[in-house]
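Reader: Can you walk me through a few of the labels here, and what earns them?

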Amino acid sequence: MQVYNSRDKKYKSIISALATDEKCKFTIVVPRDIQCSRAVLAIRKEGDGEYTVYYDMFWAGMCGDGAEYWEVHFSATTPGLYFYHFELDTPWGKSLIKNRGDGTGEINASDIDFQQTVYDKNFKTPEFLKGGIIYQIFPDRFYKSGEPKKNVFKDRVMRKWGEEPYWSEEQMNGVWNNDYFGGDLRGIEEKLPYLAELSVSCIYINPIFEAHSNHRYDTADYEKIDPLLGTEDDLKSLCKKAAEYGIAVILDGVFSHTGCDSKYFNMYGRYPNEGAYNSKDSEYYSWYKFIEWPNDYNAWWGIKLLPEIIEEDEGYRQYICGENGILRRWLRCGVSGWRLDVADELPDVFLDDVRRAVKAENENALILGEVWEDATNKFSYGQRRKYLLGEELDSVMNYPFADAILNYVRFGGSAAFVNSVMGIVENYPPQVLNILMNHIGTHDTERAITRLAGPDSEGMDRAWQHLHNRLSEYDYLLGTSMMKMASLLQFTLPGVPSIYYGDEIGMQGMKDPFNRACMTWDNVNDELLRWYRRLGQIRRGCRALSEGEISFVFCENSAVAYTRSQDGESVLVAINNNDEHTDIYVGTEWDNSYPLLDFKAVNGVISLPPKRYTMLSK
């Protein structure tokens, strides 16, 4: 008999974060033989003196002959992170119902409280992303238009399209990340019809501002597009043309640090103005923390090429977030939002300013943060962060889902997969959950097909990665099959699937820089491309995948099935990741449903061969 389950509506009427003033009913099932005379909900809000409030539960009747129901309604008036458990008075003393770690409660079996996120009831997130598909582009490597460029810096090393990115110190001649292939904004615009065929609704572009590395995370001038990528007019043209296809464009904002080779720091004197490195009288001097000027300063993760910004500095905040600041300036070019690099390293005062600035310019613009963990309980800057309570971010990059999907597809284990997914579903506000960036690979990770079918690269240097950068023919075929399973999960879980450029055509590669190779337009995995296009069509035509609730109906060994339901429309996804044939019981209500993929339900059962999957609609 289950005592409590925070992920089951029989026990908790709302399985998500709660809005302020929203009532939620908690129900526990208590064995009669412990002779419970009083039950209470014990709940505390973190940061408010850490005191616990006790809510008396009422006896609500018998559950069979051997158990009884106790219930209570709870609501909160202020946003925050709340933790709770249940306490029972018995003849033998007090008993506690706490979390086993998977949302289920047991009596005196754990010391872990349950989490309840409470967000501001006025918190709204952008509508344009719901039900859509994101496509992430590393701009130097996606497509080269061939348009001539002006004012390109002469110290850049230009490479032939398709060559392997430089990865060794000898190749780089002491200057890291200085090889370029010439992909540009016009090139992205030329490929909009291709993206439309994938049903893409949003392009996320890695940094495009002037910088002196091919990744451009070392910003040199926030006010200029990098000359190799094009001009401000090219960005405006891309946004305008993309909008004609129903595609939004979001940019990468790198605000925790700049490059040392920038007009703000100006270590090498490239720029005519005085940077913080050149003079203490520089208008940018207060942006940086010098331990001993000019050569000893705080740098991002100790990398001296990336001097760290003091985001609390009023001048810097005005420069980025002011009425005519960087954020609003580029939104006026037709951009639909920002992805914030290392958002968990930006202080609350800066994130508050970011939200005010972005929403003042366009209330439906997106603020997407890079946070690798569960963003509702992330701890940094010496405190619990408030990213998703309504004052800062709209969404985050969903690394917990990425890890859950990739680990499940590669290693199996449906219980761990379900626990990871439901942990996020339970903790996040629903309006955030529906627009999470659900990726399975980015510019910071191995290519998805390599992580699924290749050797483990953890702790391996670039020389080893270079030797293992290409899969064998057998492993590549296996990886293609695994990519189809992984992307099916990615496209049907709550949130918005994000395709890292080239994953849809089977590009492979270890970590940076191997995962940042040129798009192989002349070497396409047609099987995968057709699959991604089909997934895009399904997603575009299915409302239940936009905001539908998720419910797991089968979880056994390495087989899993779940539904997404909204406004009378439902889809069911069933996956058999076992090595043997598996019957998955989903209920007879699915017998006459339409098979979007290969297999149907018969007498309430979907019979799946090893490593196969299906999707039904009704």
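**Helix pair and two buried residues**

Author: Helix 14 and helix 15 are roughly parallel to each other. A caveat up front: this is a predicted model, where local features need pLDDT of at least 70, side-chain atom pairs count only at pLDDT 80 or more, and totals for chains, interfaces and linings use all residues. Residues are numbered from 1 along each chain as its sequence is written, and side-chain values use heavy atoms, with hydrogens and water left out.

Reader: Why are helix 14 and helix 15 called roughly parallel?

Author: The axes of helix 14 (residues 473-492) and helix 15 (residues 526-540) cross at roughly 15°. Angles under 35 degrees count as roughly parallel, so the label fits.

Reader: What makes Q136 buried?

Author: Its relative accessible area is 0%, and buried means under 20% (1.4 Å probe, protein chains only), so Q136 qualifies. Q136 sits in strand 12 (residues 134-137).

Reader: How do you know that the side chains of Q136 and H443 make a polar contact?

Author: They are joined at 2.9 Å. The term needs a pair of N or O atoms within 3.5 Å, and within protein one must be able to donate a hydrogen and the other to accept it; residues adjacent in sequence count only if both atoms are side-chain atoms. The Q136–H443 pair, at 2.9 Å, makes the cut.

Reader: And F26, why is that one called buried?

Author: F26, in strand 3 (residues 24-31), has a relative accessible area of 0%, so the label holds for F26 too. F26 touches residues including Y4, W70 and F86, where contact means heavy atoms within 4.5 Å.

Terms used
Axes are lines fitted to C-alpha atoms, for helices over the stretch in contact, and angles run from 0 to 180 degrees between N-to-C directions. Helices (H or I, at least four residues) and strands (E, at least two) are DSSP runs, numbered from the N terminus. Angles under 35 degrees count as roughly parallel, over 145 as roughly antiparallel, 65 to 115 as roughly perpendicular and the rest as oblique. Buried means under 20% relative accessible area, exposed over 50%, partly exposed in between (1.4 Å probe, protein chains only). Lists of a residue's contacts leave out its neighbours within four places in sequence.
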